[in-house]
Amino acid sequence: MKLFIDSANVADIKKAYKVGVLSGVTTNPSLVAKEGVKFEDRIEEILKLVPKVESVSAEVTPDAITAEEMIAQAEELIKINNYDKNITIKLPMTLDGLEACRYLADKGIKTNVTLIFTVNQALLAARAGATYVSPFLGRLDDISEDGVQLVVKIAELFRIHNLDAQIIAASVRHPDHVTRVAMAGAHIATVPFSIIEQISKHPLTDQGLEKFAADWKKAVKS
Ligand code: E4P
């Protein structure tokens with residue numbers, strides 16, 4: 001399973017990229033709004049920061065409601081960074097979003113259909129030519145449903161019917177989500193930097209390092 005960072009924060013994206021584990025970036029209107037910067041400028045900045053990743057998702061803004069409005073925004077976004085192949089247009093899971101998805105997919109533009117909460121929505125997005133589909137685990141858990149089970153089912157559906165959209169497990173809230181979606185067959189998990197940090201750590205790793213350091217110090221002294 002590949003890892004994307006779910007962030008529009010330059011410092012966090014830089015840190016994750018430097019570690020060398022990053023295959024992509026996802027953003028959404030809330031994440032960009034939190035940064036207090038102009039949307040297109042931040043996307044351009046991110047594209048430059050992570051030249052070697054497969055995808056940087058830029059979501060059409062909430063005021064694009066019709067397929068035509070979404071396509072018009074997408075056409076502006078793909079001009080950023082000279083039609084960089086990494087740019088992925090993130091579209092909402094609505095009928096208009098699907099229509100825009102089909103149009104962009106037919107033009108060879110990468111798409112990510114977001115806010116997926118059912119297997120049927122994932123099926124529709126895959127059939128509309130989405131490169132990526134993003135089921136939101138944490139938000140399902142928040143309403144007492146099992147987000148990981150949704151990923152299990154979508155992965156099975158895509159296997160049975162040879163659908164080649166990649167599953168981005170999104171709204172990932174803790175390390176156990178990461179393990180479980182990896183085992184469920186998600187192609188990608190998009191996570192905040194805090195989770196990359198968390199999953200790098202174990203108390204026995206820290207204890208082991210302390211012991212190595214203490215033994216080394218003793219040996220050097222003697
Ligand atoms: C994914 O693409 C979304 O940006 C994100 O994972 C949403 O997560 P949240 O439910 O924690 O806001």
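In this predicted model, strand β3 sends its side chains both ways and hides them on either side: Ser55, Ser57 and Glu59 point one way, Val56 and Ala58 the other, and all are buried. That split fits the usual pattern, since in a regular strand the side chains alternate between the two faces of the sheet. With five of its five residues buried, β3 (residues 55-59) is largely enclosed by the rest of the structure. Strand β2 (residues 22-26) runs parallel to β3 and is joined to it by three bridges, with glycine 24 sitting opposite serine 55. Strand β4 is also parallel to β3, this time over four bridges, and here serine 57 faces threonine 88 of β4.

The pairing carries on from there. Strand β4 (residues 87-92) is hooked up to β5 by five bridges, again in the parallel sense, and isoleucine 89 stands opposite threonine 111 in β5. As for β5 itself (residues 110-116), five of its seven residues are buried, so this strand too is largely enclosed by the rest of the structure.

Strand β8 (residues 188-191) tells a similar story about covered faces. Ile188 and Thr190 are buried on one side, and Ala189 and Val191 are buried on the other. Strand β1 (residues 2-6) pairs with β8 in the parallel sense through four bridges, and lysine 2 has isoleucine 188 as its bridge partner in β8. Strand β7 (residues 166-169) also runs parallel to β8, joined by two bridges; isoleucine 188 turns up again here, as the partner of isoleucine 168. Further along β8, valine 191 has a relative accessible area of just 1%, which makes it buried. Valine 191 and phenylalanine 4 are separated by 187 residues in sequence, yet their C-alpha atoms are 6.3 Å apart in space.

Zooming out, the protein chain has eleven helices and eight strands. Of its 222 residues, 45% are buried, and the C-alpha atoms fill a box of roughly 75 × 40 × 30 Å along the principal axes.

Now for the charged side chains. A search of the whole structure turns up 13 salt bridges. One of them links glutamate 54 and lysine 2, with the closest N and O atoms 2.9 Å apart. Glutamate 54 comes from the loop between α3 (39-49) and β3, while lysine 2 belongs to strand β1, so this contact ties together parts that are 52 residues apart in sequence. Both ends are partly exposed: glutamate 54 has a relative accessible area of 24%, and lysine 2 has 26%.

Other salt bridges stay within a single helix. In α3, lysine 48 and glutamate 44 are four residues apart, about one turn of the helix, and their closest N and O atoms are 3.2 Å apart. Lysine 48 counts as exposed at 53% relative accessibility, whereas glutamate 44 is partly exposed at 30%. Helix α11 (residues 203-221) has a pair with the four-residue spacing too, namely aspartate 215 and lysine 211, which meet at 2.9 Å, N to O. Lysine 211 is exposed at 52%, and aspartate 215 is partly exposed at 32%. Beyond simple pairs, Glu35, Arg42 and Glu45 are linked in a network of salt bridges.

Charge also shows up on the surface in another form. Asp63, Glu68, Glu69 and Glu99 gather there in a patch of negative charge. Among them, glutamate 99 lies in helix α5 (residues 95-106) and is partly exposed, with a relative accessibility of 44%.

Finally, the backbone has a couple of quirks. Asparagine 162 has a phi near 50 degrees, a positive value in a residue other than glycine. Asparagine 162 belongs to the loop between α8 (147-160) and β7, and at 68% relative accessibility it counts as exposed. Serine 171 likewise has a positive phi, about 55 degrees, without being a glycine. Its place is the loop between β7 and α9 (175-184), but serine 171 is buried, at 10% relative accessibility.

Conventions
Residues numbered from 1 in each chain as written. Predicted model: local features only at pLDDT ≥ 70, side-chain atom pairs only at ≥ 80, totals over all residues. Heavy atoms only, no water. Patch = residues over 30% accessible without salt bridge, like charges linked within 9 Å, V, L, I, M, F, W, Y side chains within 5 Å. Areas by Shrake-Rupley, 256 points an atom, 1.4 Å probe, with all protein chains shown as cover. Salt bridge = Lys/Arg side-chain N within 4 Å of Asp/Glu carboxyl O. Lys, Arg positive; Asp, Glu negative; His and termini not counted. Charge placed at Lys NZ, Arg CZ, Asp CG, Glu CD. Buried < 20%, exposed > 50% of the residue type's maximum accessible area, 1.4 Å probe, protein only. Pairing = 2+ DSSP bridges.
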